[in-house]
Amino acid sequence: MRIKKNDRKAQEEMVGFVLIMVIVAVVFLVILGIMIRKPAGSEKESKDIYQFLESLMEYTTDCAINNEIDYEKIGNLLKECHSNHGTCLNGEMVCDVLNNSIFEITDKSWNVGSYYKGFIFNSTYVDNNRTIEHVLSLQKGNCTSFKGAEYLSPDYPGSIVSTLKICF
């Protein structure tokens, strides 16, 4: 039995069509796999929150440690709170001033309660050996979905990682 030239051309077209369908199916499965692997929590990285954290670390508090007119920035108080839990010259504990300052600034800056539902702020110390020590944790409101960022502050021999998640 002899195959006609037109039948052979039709067979080639069918093979080409099947190959295209297989390629489309593989691409679809790869895209589906990528979408499924994304975490279920709706955390989004935010440049605005990162810039807020960067500015927050430069905010000058009413805590002086060494000199009555040399008030400390929040970034320095985080290191001080982690290292020795000292006191300010006015008698307040460094960690208490830090806690109150960050809570008040974050609460007012992000208008928590009207537009945003809350926030979570955490600071932890991580050294080169991956030892993790809790420094500070603050929370207000309930979080189901949020956007956030983290900020690293060097604190030899490791660093302090501060994360802020704004709930919406």
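Colleague: Which residues of helix 4 are buried?
Modeller: This is a predicted model, in which local features need pLDDT of at least 70, side-chain atom pairs count only at pLDDT 80 or more, and totals for chains, interfaces and linings use all residues. Residues are numbered from 1 along each chain as its sequence is written, and side-chain values use heavy atoms, with hydrogens and water left out. Buried means under 20% relative accessible area, exposed over 50%, and partly exposed in between (1.4 Å probe, protein chains only). In helix 4, the buried residues are Val94, Cys95, Val97, Leu98, Ser101, Ile102, Ile105, Thr106 and Asp107.

Colleague: What span does helix 4 reach from its first C-alpha to its last?
Modeller: Helices (H or I, at least four residues) and strands (E, at least two) are DSSP runs, numbered from the N terminus. Helix 4 covers residues 94–109, 16 residues in number. The expected span, 1.5 Å times one less than the number of residues, is 22 Å for helix 4. The model is close to that value, with a reach of 22 Å.

Colleague: Which elements are included in what covers the buried residues of helix 4?
Modeller: Contact here means heavy atoms within 4.5 Å. The cover includes helix 2 (47–57) and helix 3 (74–83), together with strand 2 (60–64), strand 4 (118–126), strand 5 (132–141) and strand 7 (158–167).

Colleague: Which residue of helix 4 forms a salt bridge with Lys140?
Modeller: A salt bridge is a side-chain nitrogen of Lys or Arg within 4 Å of a carboxyl oxygen of Asp or Glu. Lys140 is partly exposed at 28% relative accessible area, whereas its partner is buried at 18%. The N to O distance is 2.9 Å. Lys140 belongs to strand 5, so the pair ties together parts 33 residues apart in sequence, the partner in helix 4 being Asp107.

Colleague: How far apart are the closest N and O atoms of Lys108 and Glu104?
Modeller: Because Lys108 and Glu104 are four residues apart in helix 4, about one helical turn separates them. Lys108 is exposed at 62%, and Glu104 is partly exposed at 45%. The closest N and O atoms of this salt bridge are apart by 3.5 Å.

Colleague: Which residue forms a salt bridge with Glu58?
Modeller: The closest N and O atoms of this pair are 2.9 Å apart. Glu58 sits in the loop between helix 2 and strand 2, and its partner lies 15 residues away in strand 3 (residues 71–73). Glu58 is partly exposed at 46%; its partner, partly exposed at 33%, is Lys73.

Colleague: Which cysteine forms a disulfide with Cys81?
Modeller: A disulfide is a pair of cysteine sulfur atoms within 2.5 Å; here the sulfur atoms are 1.9 Å apart. The S-S torsion is about 110 degrees, so this disulfide is right-handed. Cys81 lies in helix 3, and 14 residues away in helix 4 is its partner. Cys81 is buried at 1%, and the partner, buried at 17%, is Cys95.

Colleague: Is the disulfide of Cys63 and Cys88 left-handed or right-handed?
Modeller: The S to S distance is 1.8 Å. Cys63 is in strand 2 and Cys88 in the loop between helix 3 and helix 4, so the pair ties together parts 25 residues apart in sequence. Cys63 is buried at 0%, as is Cys88 at 4%. The torsion about the S-S bond is about -105 degrees, so the disulfide is left-handed.

Colleague: What pattern do the disulfides of the chain follow?
Modeller: The structure holds three disulfides, one of which joins Cys143 to Cys167 with an S to S distance of 1.6 Å. With bonded cysteines counted along the chain, the pattern is 1-3, 2-4, 5-6.
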